[in-house]
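Let's take a friendly walk through this model, from the overall fold down to a single side chain. Have the structure open as you read.

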Amino acid sequence: MEISQSTSKGSLLISEEAISAIVVNAAKAVAGVTGFSNRPADVVDTIKKGSLKVMSPVRILQEGDDLNISVYIVIESGRKIQPVAEEVQRAVKESVQNMTGKLVSKVNVIIASVDNGEQSFNAPNEINED
């Protein structure tokens, strides 16, 4: 998926990976978010679209001109889930809309796990070389 926009000066393409990076950066800045969980995408849909991206903590669907975003987070133990999830929704929506100019109609926050103290703050698919 790419967001494309044409102007008199040329074309603008924003990749799904760029939007995913915006989502991850916005979500990890929220107090109580300790990491992300990679979830497999819908395999049938992935094959139909020819995408090789099967694991990601972020899913982005474009519905007309609007974006529908889902993000799988790991929450800090002892935190209240609802306030953290609401802040993630606000931060993600604001960041994506400000940076892309596209309307975000929905941000789904899925609490994939609760941090047991061993979760690190690596970006998706990033290897920790400590």
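## Overall fold

The protein has three helices and eight strands. Please keep in mind that this is a predicted model. Along the sequence, the elements follow the pattern β-β-α-β-β-α-β-β-β-α-β.

Of the 130 residues in the protein, 33% are buried. The exposed area comes to about 8000 Å², with carbon and sulfur atoms supplying 49% of it. If you take the contacts between residues at least 6 apart in sequence, 65% of them join residues at least 24 apart.

## Helix α1

Helix α1 covers residues 16-28, and its length is easy to check. At 1.5 Å a residue, its 13 residues should span 18 Å, and the end C-alpha atoms are indeed 18 Å apart, so the two values agree.

Which residues of α1 are buried? They are Glu16, Ile19, Ser20, Ile22, Val23, Val24, Ala26 and Ala27. When you look at that list, it helps to recall that an α-helix has 3.6 residues a turn, so residues three or four places apart point the same way. The buried residues of α1 pack against the strands β1 (2-7), β2 (10-15), β3 (33-36), β6 (58-63) and β7 (66-76), and also against helix α3 (81-100).

## The nonpolar core

The largest nonpolar core holds 27 residues, and Ile69, Val88, Val92 and Val96 touch the most other members. At least two residues of this core come from each of α1, β3, β6, β7, α3 and β8 (103-115).

Val92 makes a good place to zoom in. Leaving aside residues up to four places away in sequence, Val92 touches Val23, Ala26, Ala27, Ile69 and Val107. Val23, Ala26 and Ala27 are among the buried residues of α1.

## The β6-β7 hairpin

Strands β6 and β7 pair in the antiparallel sense, over six bridges. Within this pairing, Gln62 has Leu67 of β7 as its bridge partner. Two residues lie between the strands of the hairpin, where Gly64 takes a positive phi near 65°.

## Ser70 in strand β7

Strand β7 also contains Ser70. Is Ser70 buried or exposed? Its relative accessible area is 14%, and buried means under 20%, so Ser70 counts as buried.

What does the side chain of Ser70 make a polar contact with? The partner is the side chain of Asn108, at 3.2 Å. Not counting residues up to four places away in sequence, Ser70 touches Pro57, Val58, Arg59, Asn108 and Ile110.

Notes: Residues are numbered from 1 along each chain as its sequence is written. This is a predicted model: local features need pLDDT of at least 70, side-chain atom pairs count only at pLDDT 80 or more; totals for chains, interfaces and linings use all residues. Side-chain values use heavy atoms; hydrogens and water are left out. Helices (H or I, at least four residues) and strands (E, at least two) are DSSP runs, numbered from the N terminus. The expected span of a helix is 1.5 Å times one less than its number of residues. Buried means under 20% relative accessible area, exposed over 50%, partly exposed in between (1.4 Å probe, protein chains only). Contact means heavy atoms within 4.5 Å. A nonpolar core is a set of buried Ala, Val, Leu, Ile, Met, Phe, Trp, Tyr and Cys residues joined through side-chain atoms within 4.5 Å. A polar contact is a pair of N or O atoms within 3.5 Å; within protein, one must be able to donate a hydrogen and the other to accept it, and residues adjacent in sequence count only if both atoms are side-chain atoms. Two strands pair if DSSP finds at least two bridges between them. Accessible areas come from the Shrake-Rupley method with a 1.4 Å probe; for residues, only the protein chains shown count as cover.
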